[in-house]
Amino acid sequence: MNETSAATPGLAEETEAAAGTVQSTDATVGEIYVDDPRMTCRNVNVYYGEKQAIFDVSLDIGKNQVISMIGPSGCGKSTFLRCLNRMNDTIDVCRVTGQIKMDEQDIYDGGLDVVPLRASVGMVFQKPNPFPKSIYDNIAYGPKIHGLSDNKEHLDSIVESSLQRAGLWEEVKDRLDQPGTGLSGGQQQRLCIARAIAVSPEVILMDEPCSALDPIATAKIEELIDELRENFTIAIVTHSMQQAARVSQRTAYFHLGKLIEVGETDQIFTSPRHKLTEDYITGRFG
Amino acid sequence: MHTSTLIILLLGLMSLAYYFGRKRSLSLVGGKVRDLHSLPSYYGMQTAMWCGIPALILLAFWLSFEESVVTGMVVESLPQEVQNLPPERLDLVLNDVRNLSQGDIVSSTVDQTMQQAADHYTSLMSISHMALFVVALSVAILAGLWAQRTITREQRARNRVEKAINFFLLSSSTLAIFTTVGIVLSVLFESVRFFQQIPVTEFLFGLEWSPQTAIRPDQVGSSGVFGSVPLFAGTMLITLIAMIVAVPIGLMSAIYMAEYASKHFRTLAKPVLEVLAGIPTVVYGFFAALTVAPFFRDLGTDIGLTVSSESALAAGVVMGIMIIPFVSSLSDDVINAVPQAMRDGSYGLGATRSETIRNVIIPAALPGIVGGVLLAVSRAIGETMIVVMAAGLSANLTANPLEAVTTVTVQIVTLLVGDQEFDSAKTLAAFALALVLFVITLALNMIALHIVRKYREQYE
């Protein structure tokens, strides 16, 4: 359990510790609870076959907030994110224990249907993955399968408002019947965000949404994330600490499958309390 | 002595040349391989190639011209009146001379001049063989020696060997292409001969097929009508039935294999499905003729339909079963080639598995699936054994799958089986049919490959 060679027991309990003084990885440092949570995760463990990928993570995701998850590659941040809408179900060997609740409903309850869950917890992936269909059909796909539209006019208005909220409407309104794969990378990613918005989710999960994009497209997406916060709860996994600092209100730092530290973004980036967090954000590794 | 002895001798010389070439390159630098431009084995190979290739090329040319040169010399030695015979008659005489010299059966009586010509032929042939032996071996030895003597340490042996290998590979692939061209040309020439007797329009648009031509004017049942429409209609009918069976079953099994089946089931079921592809078509043929056709006939009788005991339905269904693994394995490949990101995107929106398959995976994989189906169609059109055994021989122009029909391939088989005269329209019709069939399947294959390639480009 001791990934850090110099784990000093006892320091974890010192809540008023100075920057970078906590070294134990046994417990999460910082405030895992929020006053108004949209999702609550308690003691989540994830296994890929025999290998454990996530160790005992507890975390609240606050309403209309952006929470960013940072950490070195392979630290389990994406795996944790994919637990929140049960995308890990598509991997045969993956097993999740613990409790994840959304508005008091346990999403891993055996009786729960994943279809409405995934409709209310949308996801945007690392690489833009528009379907090989027209721009219109890409957006209309979700509303169609969930029966959200009553008629063609209604569907049209859903498509338009989704594209507008994703900031893509002005660019594509004249070519809605063109294939979505023909857009530029940044436009494709905003199309995917619009596609996720179209089913009116409550939470949007973003798995490194800008890692395949150039800086200008990235800036647009970050701006968009900030606007979306008004109506949605957003959890974003990112490799870029600047991005986490720019877009999120809370930040969670993962290391080797453990949630090391979580807190207000300002606090994490100015005065991290855990040694590993400090090392990571000051660029000593990762 | 025989040519094979010569080839074995040449191969022996080549290995000697390899040994000496390698040895000389090493002795040039006193065993320090680093000082050579190339590894010693390349010098060996270079020497061996110089030793073998010119001699083998000489051998090939010699053998291809030997016969005509010797024959020409024999003709000149024949009496004037024989030389003045028309070409076909002269050919017959020369054939006799050859047969006589090899101790085969001769068609005419053996007279003095014939015997002399045969002896002359035999002696010329043996002289030519001896000369070939001497010349080829000396070319091999001289070229090998020259190559070995001229080895220097800067010589770029590796590059030369690479170039030679490159050339060998190129000639192998052109050989395959030329074979195809050769097949096409032979079919084409025979077809042209056919079309000199029967007009193209009659062949392509005629509605009646009855290829028995009369040898004697009073022969019965020898109409000799060559309208190929019933054959192509029969082919299309059977292909259609086969595709109706194969496409849904193959596609659905591919979807199950790719999207639903557990790993365990897949490793078990895929080889079993591919066993279907390994069954010889003749086995499918008698399965169709002895099991499926009677089953359909009895079933038809039970529900009050007349089903011919050799029906298009039986042949088509069995052919469809044969093609299932073809369709399913090609579709399986293209479905697996659809990126996981597409599935994730759809699942992430809350789509169920079947919604994802219907709305995302199948549309994305459709070009590949269509390509696979077209390849399967061209396979079905060219299939012979099943239809020979199960579909019958009567050239009915019908769209009723319960009747017997015949296909292009079946007719080609029946036209060419047994002793045939190659100047009658009946036999030549087979080549015309083959030509049209070839054009159709070639076109289908090209369309299919084009579609498949276009699809592959999309995701790479």
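Of the 460 residues in chain B of this predicted model, 36% are buried. The overall dimensions of the chain help to place that figure in context. For a compact globule of 460 residues, a radius of gyration near 23 Å would be expected, but chain B has 32 Å. Along the principal axes, its C-alpha atoms fill a box of roughly 80 × 80 × 35 Å.

The division of chain B into domains comes next. Domain 1 covers residues 3-155, and domain 2 covers residues 225-458. The C-alpha centres of domain 1 of chain B and domain 2 of chain B are 50 Å apart. The secondary structure of chain B consists of 16 helices and two strands. Among contacts in chain B with a separation of 6 or more, 73% join residues 24 or more positions apart.

An unreviewed UniProt entry lists residues 232-448 of chain B as "domain: ABC transmembrane type-1". In the model, this span is 79% helix and 0% strand, and its end C-alpha atoms lie 21 Å apart.

In chain A, one helix may be followed in detail. Helix α7 of chain A runs over residues 215-228, which makes 14 residues. At 1.5 Å a residue it should span 20 Å, and this agrees with the 20 Å between its end C-alpha atoms. The buried residues in α7(A) are T218(A), I221(A), L224(A), I225(A) and L228(A). Seen down the axis of α7(A), these buried residues fall within an arc of 120°, and therefore they line one face of the helix. The general geometry is helpful here: an α-helix has 3.6 residues a turn, so residues three or four places apart point the same way. On the other side of α7(A), the residues P215(A), I216(A) and E227(A) are exposed. The cover over the buried residues of α7(A) includes the helices α6 (185-197) and α8 (241-247), together with the strands β4 (66-70), β8 (203-207) and β9 (233-237), of chain A.

Two loop residues of chain A deserve attention for their backbone angles. Most residues other than glycine have a negative phi. E208(A), which is not a glycine, nevertheless has a positive phi of about 45°. E208(A) lies in the loop between β8 and α7 of chain A. E104(A) also has a positive phi, near 70°, and is located in the loop between β5 (94-102) and β6 (105-106) of chain A.

Which of these surroundings are buried or exposed? E208(A) is buried, because 21 other C-beta atoms lie within 10 Å, whereas E104(A) is exposed, because it has 6 other C-beta atoms within 10 Å.

How values were computed
Residues are numbered from 1 along each chain as its sequence is written. Chains are lettered from A and ligands numbered from 1 in the order in which they are written. This is a predicted model: local features need pLDDT of at least 70, side-chain atom pairs count only at pLDDT 80 or more; totals for chains, interfaces and linings use all residues. Domain bounds come from an automatic or database domain assignment. Helices (H or I, at least four residues) and strands (E, at least two) are DSSP runs, numbered from the N terminus. The radius of gyration is taken over C-alpha atoms; the globule rule is 2.2 Å times the number of residues to the power 0.38. A residue is buried if 20 or more other C-beta atoms lie within 10 Å of its own, exposed if 12 or fewer, and partly exposed in between; C-beta atoms are placed from the backbone. Two residues are in contact if their C-beta atoms, placed from the backbone, lie within 7 Å. The expected span of a helix is 1.5 Å times one less than its number of residues. The arc is that of the directions from the helix axis to the C-beta atoms. UniProt positions are given in the numbering used here, feature names are shortened, and annotations may be inferred rather than shown by experiment.
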